[in-house]
Amino acid sequence: MSQRFDINQVMKLAPQGVKLLGELDAYTKSTDLDPKLRELVIFRASQINGCVYCLTFHAADARKLGESEMRLYCLSAWEESSLYTEMEKAALELTEHITLLPSLKVPDDVYHNVRKYFSETQYIHLTMLIMMINSWNRMSIAMGFQPEAE
């Protein structure tokens with residue numbers, strides 16, 4: 001895919017829209033969700049959506065937080081891995097269901113499993129986080145954002 005716009009062009013042409021997405025991002029960072037869990041959720045949604053820009057950006061963020069390369073490499077197979085806690089697996093399952101909402105929905109068993117580990121408020125925060133990264137993924141893919149070459 002070719003780059004259609006870069007993030008700076010989009011910020012210039014649609015500043016209020018980018019600002020609103022940025023505010024939702026900032027809100028999700030201000031919650032009591034663990035920052036490493038936040039990055040795993042973001043990374044998994046970005047994998048599902050195929051967003052190379054967000055994958056590149058958030059892999060770096062996860063590494064800065066001390067996330068291991070192995071856990072990032074194996075994230076697409078989280079269900080089969082012992083690298084992730086049961087709480088992380090619950091959040092990742094919710095991530096997949098919300099990201100693939102038209103086909104997976106969010107059945108009661110997924111909700112109840114997440115609620116074993118997250119309070120009502122945290123469930124809402126987690127849902128907002130997943131909504132936020134899915135919005136950024138869609139913006140990035142539609143605009144053709146490309147990561148900077150290293």
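**Reading helix packing, burial and a pocket**

Analyst: The crossing of α6 and α9 is right-handed, and this, like everything that follows, is read from a predicted model.

User: How should I read the packing of two helices, and at what angle do α6 and α9 pack?

Analyst: In general, two packed helices are described by two quantities, the angle between their axes and the distance between those axes. Here α6 and α9 pack at an angle of about 50°, and their axes are 10 Å apart. Because of that angle, α6 is oblique to α9.

User: Let me look at single residues of these two helices: are Ile98 and Ile130 buried or exposed?

Analyst: The general idea is to compare the relative accessibility with a cut-off, since buried means under 20%. Ile98, which is found in helix α6, has 15% relative accessibility and therefore counts as buried. Ile130 has its place in helix α9, and because its relative accessibility is 0%, Ile130 counts as buried too.

User: How are separations along the chain and in space set side by side, and what separates the C-alpha atoms of Ile98 and Thr127?

Analyst: The C-alpha atoms of Ile98 and Thr127 are separated by 7.8 Å, with the two residues 29 apart along the chain. For Ile130 and Arg71, which are 59 residues apart along the chain, the C-alpha separation is 19 Å.

User: Turning to the loops, where does Glu79 lie, and why does Glu79 count as exposed?

Analyst: Glu79 lies in the loop between α5 (69-73) and α6 (86-99). Exposed means over 50%, so Glu79, at 56% relative accessibility, counts as exposed. The C-alpha atoms of Glu79 and Glu93 are separated by 8.5 Å, and these residues are 14 apart along the chain.

User: What is the phi of Lys105, and what is the general expectation for phi?

Analyst: Most residues other than glycine have a negative phi. Lys105 is not a glycine, yet it has a positive phi of about 55°; this residue is found in the loop between α7 (101-104) and α8 (108-115).

User: Finally, how much space lies in the largest pocket, and which residues are closest to its centre?

Analyst: The largest pocket holds about 280 Å³ of space. Its lining has 14 residues, of which Asp25, Tyr53, Phe57, His58 and Trp136 are the closest to the centre. The elements that give two or more residues to this lining are α2 (15-30), α4 (52-64) and α9 (120-143), and α4 gives the most, with five residues.

User: How do the residues of that lining divide into nonpolar, polar and charged?

Analyst: In the lining of the largest pocket, eight residues are nonpolar, two are polar and four are charged.

Conventions
Residues numbered from 1 in each chain as written. Predicted model: local features only at pLDDT ≥ 70, side-chain atom pairs only at ≥ 80, totals over all residues. Heavy atoms only, no water. Helix = DSSP H or I, 4+ residues; strand = E, 2+ residues; numbered from the N terminus. Buried < 20%, exposed > 50% of the residue type's maximum accessible area, 1.4 Å probe, protein only. 1 Å grid on protein atoms, 1.4 Å probe; cavity = no way out; pocket = protein on both sides within 12 Å on 5 of 7 lines; lining within 4 Å. Points joined across faces, edges and corners; volume = space filled by probe spheres on them. Nonpolar A, V, L, I, M, F, W, Y, C, P; charged D, E, K, R; others polar. Axes fitted to C-alpha atoms, helices over the stretch in contact; angles between N-to-C directions. Parallel < 35°, antiparallel > 145°, perpendicular 65-115°, else oblique. Left-handed = near helix turned anticlockwise from the far one by under 90°.
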